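Colleague: I have a few questions about this model. Could you take me through the ligand site and two residues of interest?

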Amino acid sequence: MRGLSPESRHNRFMAEIRELSPEMLARFTRINYPHDLALIVTCDNGGREQEIAVARYVALSVPRQCEFALAVADGWQGRGVGYRLMQTLIGFAREAGFERMDGFVLAANHKMLELMQSLGFVIRPSDEGPQVRLATRSLRVESGA
Ligand SMILES: CC(C)(COP(=O)(O)OP(=O)(O)OC[C@H]1O[C@@H](n2cnc3c(N)ncnc32)[C@H](O)[C@@H]1OP(=O)(O)O)[C@@H](O)C(=O)NCCC(=O)NCCS
């Protein structure tokens with residue numbers, strides 16, 4: 001959270017959030033695998049482990065469908081971390097038996113929309129309003145993914 005600029009936080013949470021509430025912190029850290037999964041990338045920063053990216057999925061109420069979220073610290077963006085992390089998340093979700101992955105992305109977040117398209121997601125309008133797109137991807141192997 002602290003490695004994200006205000007713009008990145010806005011893109012990730014679609015709201016002006018400066019700190020995570022205790023409820024959000026609990027939700028993000030109590031992982032009920034394989035129902036939910038969070039993958040975290042860390043690096044060694046002078047002997048201190050520093051978190052630089054996180055990708056997660058949570059199961060939706062619709063069977064075999066999950067929702068993703070992704071954030072890469074500003075200093076590490078544009079180096080392929082998000083792409084690689086999403087690829088890994090997709091692999092785990094597929095292994096856990098999910099057949100579809102969805103996620104909401106702000107329409108103005110072109111970088112994320114392009115990234116998701118390069119990962120095989122289809123971008124559609126969403127019922128969250130004109131500022132939000134739905135990125136959706138089949139995880140079935142026979143779909144050519
Ligand atoms: C959007 C975000 C997740 C992207 O992560 P990133 O690590 O910067 O992205 P990457 O470096 O992996 O990908 C960037 C580009 O490389 C491409 N790319 C990277 N690795 C690749 C590979 N191995 N093969 C093909 N394409 C690749 C991506 O498609 C993308 O294309 P571009 O060059 O046209 O921009 C990051 O900017 C971020 O965290 N932003 C703030 C939070 C946010 O917006 N989260 C999404 C909420 S829905």
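Modeller: A definition to start: a residue is buried if its relative accessible area is under 20% and exposed if that area is over 50%. Keep in mind that this is a predicted model.

Colleague: Is Ala-93 buried or exposed?

Modeller: Ala-93 lies in helix 3. The cut-off for burial is under 20% relative accessible area. Ala-93 has 0% relative accessibility, so the residue counts as buried.

Colleague: Which residues does Ala-93 touch, not counting residues up to four places away in sequence?

Modeller: Take Tyr-57 to begin with: Ala-93 and Tyr-57 are 36 residues apart along the chain, with their C-alpha atoms separated by 7.7 Å. Tyr-57 is among the contacts of Ala-93. The full list is Tyr-57, Cys-66, Phe-98, Met-101 and Leu-139.

Colleague: Where does the ligand sit?

Modeller: There are 21 residues around the ligand, and Leu-70, Val-72, Gly-78, Gly-80 and Gly-82 come nearest. As for its site, the ligand sits in the largest pocket.

Colleague: Which element gives the largest share of the shell around the ligand?

Modeller: Elements giving two or more residues to the shell are helix 1 (6-13), strand 3 (65-72), helix 3 (81-95), strand 4 (100-106) and helix 4 (110-118). The largest share is five residues, and the element that gives it is helix 4.

Colleague: How far is a polar backbone atom of Gly-78 from an oxygen atom of the ligand?

Modeller: Start with the side chains. A polar side-chain atom of Lys-111 lies 3.4 Å from a ligand oxygen, and one of Ser-118 lies 2.8 Å from a ligand oxygen. For the polar backbone atom of Gly-78, the distance to an oxygen atom of the ligand is 2.7 Å.

Colleague: How much of the ligand's accessible area does the protein cover?

Modeller: On its own, the ligand has 940 Å² of accessible area. The share covered by the protein is 74%.

Colleague: Is Ser-126 buried or exposed?

Modeller: Ser-126 is found in the loop between strand 5 (122-125) and strand 6 (132-138). The relative accessibility of Ser-126 is 14%, so this loop residue counts as buried.

Colleague: Which residue has the backbone oxygen that the side chain of Ser-126 reaches?

Modeller: Leaving out residues up to four places away in sequence, Ser-126 touches Phe-104, Val-132, Arg-133 and Leu-134. The side chain of Ser-126 reaches a backbone oxygen at 3.0 Å, and that oxygen belongs to Val-132.

Note on methods. Residues are numbered from 1 along each chain as its sequence is written. This is a predicted model: local features need pLDDT of at least 70, side-chain atom pairs count only at pLDDT 80 or more; totals for chains, interfaces and linings use all residues. Side-chain values use heavy atoms; hydrogens and water are left out. Helices (H or I, at least four residues) and strands (E, at least two) are DSSP runs, numbered from the N terminus. Buried means under 20% relative accessible area, exposed over 50%, partly exposed in between (1.4 Å probe, protein chains only). A polar contact is a pair of N or O atoms within 3.5 Å; within protein, one must be able to donate a hydrogen and the other to accept it, and residues adjacent in sequence count only if both atoms are side-chain atoms. Contact means heavy atoms within 4.5 Å. A residue is near a molecule or strand if one of its heavy atoms lies within 4 Å of it. Accessible areas come from the Shrake-Rupley method with a 1.4 Å probe; for residues, only the protein chains shown count as cover. On a 1 Å grid over the protein atoms alone, a cavity is a set of points where a 1.4 Å probe fits but cannot get out, and a pocket is an open set with protein on both sides within 12 Å along at least five of seven lines; lining residues have an atom within 4 Å of a point. A molecule sits in a cavity or pocket if more than half of its atoms lie within 2 Å of its grid points.
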